[in-house]
Structure formats: C-alpha cells, structure tokens
Amino acid sequence: MDSFEASLDHPIFQESVRRIRAWLGPTGLVGVEQELMERLVHSSGDLALAPDLRIGPGACAAGLQALAAGAPILTDTAMAAAAVAPMARRTFANPVHSVLAWAPAVAPAGGTRAAAGMERALLEHPGAVVLVGSAPTALERLLELVEAGAIAAPALVIGMPVGFVGVAESKRHLAASALPQIRLEGSKGGAGLVGAAANALLRRAWLDQAAKDQAALDPP
C-alpha cells in the first residue's frame, strides 16, 4: 500500500477489508468494482449483501470520470450527504447537496418532499452523481424526468433506497433504464450504503489521479 492509499484508509479499515476478502473469497469482481463491494460490506457489516450488488456496464468508469472532474453529488437525505462530504473534501472538493434543500416545506399533493426536491436539484445540477438511499419516490421522479427528456441524464445513479414500499419497483425501473447505475437488489439500502459506494469511487478516482501525477513526474 503506497502513501497515497494509506492517507485515505485507517488501519482498522485496512484490516477489515483483508478479513472481508478472506471471508467472501472470489467474487468475480475486479478493480474498483471489488473495492466498492468491500466498502459496502464493511459499512453494513453484512457479508450477505455482496450478491445483491448490481453494477451497470461502464457505471464505475462514468462515476470516476465525473467525480474526478468535480461533478456535484446530490443525495436524497442530509444523512447521505453527511456520509460522503468528508471524503469529497479530502479528494476533489465536489460540492455535496441534499435535494431536501430544494424541497418545499410541505409535500405536494400525491408526492413527497424528496421527489420535489430531486426535480429542482437536477435542473440546477446537470451531470451530477446522484445518490438515493432512502426515498424511492425521488428515484422514480429522476427516472420520469430523464425518460421525458426534461433533464440531462445524471453522470451516475447510485440507487439503493431501503424499505418495503415502492423500493423494489423503483429499483426495477432503474434497472430497465439506460442510465449508468449502481444498485442493490431487494429491500436493502440506506444512506450509509449510498455514501459508502460514493466514497469508494472518490477514493479510487483520487488514487488513480495521484498515480497519474506521479507518473508524469517520474523520469522516462
């Protein structure tokens, strides 16, 4: 482990990852996809979570590129924003916003504050990396807007709403879309997990950039 990597990872996290790898064995994932899965398992304490992870083709690459370019990160809750903001500050200083900052004080008829806030936030932040860990209505609204051509497609959607009402449906809707996406199947998810996924991508993008910078300094 080089100094760049050590600066981002606490020794306890490093040991946790070593144990997770030993417990899970081969996963079929490599590179950043494996790192993402390990951080999700670490954050949840749930080894059974790994088989539920779905990563769309090119999703991680799209996320890495957007985050390294400073793309804003939109979350459906303040808790998810708090989970990812420290890593964002330590890496590319991506602005991190909860869409509830754009939400009305009272939920509109037939809707939710998170869905209304998601719409307004997406209009102001095209090309964002979007994290949904709690509100399937916010994920559904995002997908409706993209399908209608009302907004530019996000750079990446991390769709992991948790619960039992509307959650599985929103994840199936996301899976059927052409958006770059990372999701958890079933009822699993939450603010901590979407934050963990985003942090894994920020970490890898930062390490990749550090490696490129070092290679540029090294003599040929």
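# Exercises on strands and helices

Four bridges join strands E4 and E5, which run parallel. The structure is a predicted model. The exercises start from this pair of strands and move on to the sheet and the helices.

**Exercise 1. Which residue of E5 is the bridge partner of leucine 131, and are the faces of E5 covered or open?**

Step 1. Strands of a sheet pair through backbone hydrogen bonds, either parallel or antiparallel. E4 and E5 are of the parallel kind.

Step 2. The bridge partner of leucine 131 in E5 is isoleucine 158.

Step 3. E5 covers residues 156-159. On one side of E5 lie Leu156 and Ile158, on the other Val157 and Gly159, and all of these are buried. Both faces of E5 are therefore covered, with buried meaning under 20% relative accessible area.

**Exercise 2. Give the strand order of the sheet and find its edge strands.**

Step 1. The sheet is open, has six strands and follows the order E1-E6-E5-E4-E2-E3, with mixed pairing.

Step 2. The edges are strand E1 (53-55) and strand E3 (96-98), each of which pairs on one side only.

Step 3. On average, and ignoring direction, neighbouring strands of this sheet are turned by 15 degrees against each other.

Step 4. At the E3 edge, strand E2 (residues 73-75) pairs with E3 in the parallel sense over three bridges. Threonine 75 has serine 98 of E3 as its bridge partner.

**Exercise 3. Is alanine 93 buried or exposed?**

Step 1. Locate the residue: alanine 93 is in the loop between helix H5 (78-90) and E3.

Step 2. Look at the backbone: the phi of alanine 93 is positive, about 55 degrees, although this residue is not a glycine.

Step 3. Apply the cut-off: exposed means over 50% relative accessible area. The relative accessibility of alanine 93 is 56%, so alanine 93 counts as exposed.

**Exercise 4. Check the span of helix H6, then describe its surroundings.**

Step 1. H6 has 12 residues (residues 113-124), and at 1.5 Å a residue they should span 16 Å. The end C-alpha atoms of H6 are 17 Å apart, which agrees.

Step 2. The buried residues in H6 are Ala114, Ala115, Ala116, Gly117, Met118, Ala121 and Leu122. Their cover includes E2, strand E4 (129-132) and helix H7 (136-147).

Step 3. Two packed helices are described by the angle between their axes and the distance between the axes. For H6 and H7, the axes come within 8 Å and cross at roughly 40 degrees. That angle makes H6 oblique to H7.

Step 4. The crossing of H6 and H7 is right-handed. Ala114, Ala115, Met118, Glu119 and Leu122 of H6 meet Thr137, Ala138, Arg141, Leu142 and Leu145 of H7.

**Exercise 5. Classify the packing of H7 with H8, and of H2 with H3.**

Step 1. H7 and helix H8 (residues 167-176) have axes 9 Å apart and pack at an angle of about 30 degrees. Angles under 35 degrees count as roughly parallel, so H7 is roughly parallel to H8.

Step 2. H7 and H8 cross in the left-handed sense. Their contact includes Leu139 and Leu143 of H7 and His173 and Leu174 of H8.

Step 3. Helix H2 (residues 11-24) and helix H3 (residues 31-44) have axes that come within 10 Å and cross at roughly 105 degrees. This makes H2 roughly perpendicular to H3.

Step 4. Among the residues making this contact are Phe13, Val17 and Ile20 of H2, and Met37, Val41 and His42 of H3.

Conventions: Residues numbered from 1 in each chain as written. Predicted model: local features only at pLDDT ≥ 70, side-chain atom pairs only at ≥ 80, totals over all residues. Heavy atoms only, no water. Pairing = 2+ DSSP bridges. Helix = DSSP H or I, 4+ residues; strand = E, 2+ residues; numbered from the N terminus. Axes fitted to C-alpha atoms, helices over the stretch in contact; angles between N-to-C directions. Expected span 1.5 Å × (residues − 1). Buried < 20%, exposed > 50% of the residue type's maximum accessible area, 1.4 Å probe, protein only. Contact = heavy atoms within 4.5 Å. Parallel < 35°, antiparallel > 145°, perpendicular 65-115°, else oblique. Left-handed = near helix turned anticlockwise from the far one by under 90°.
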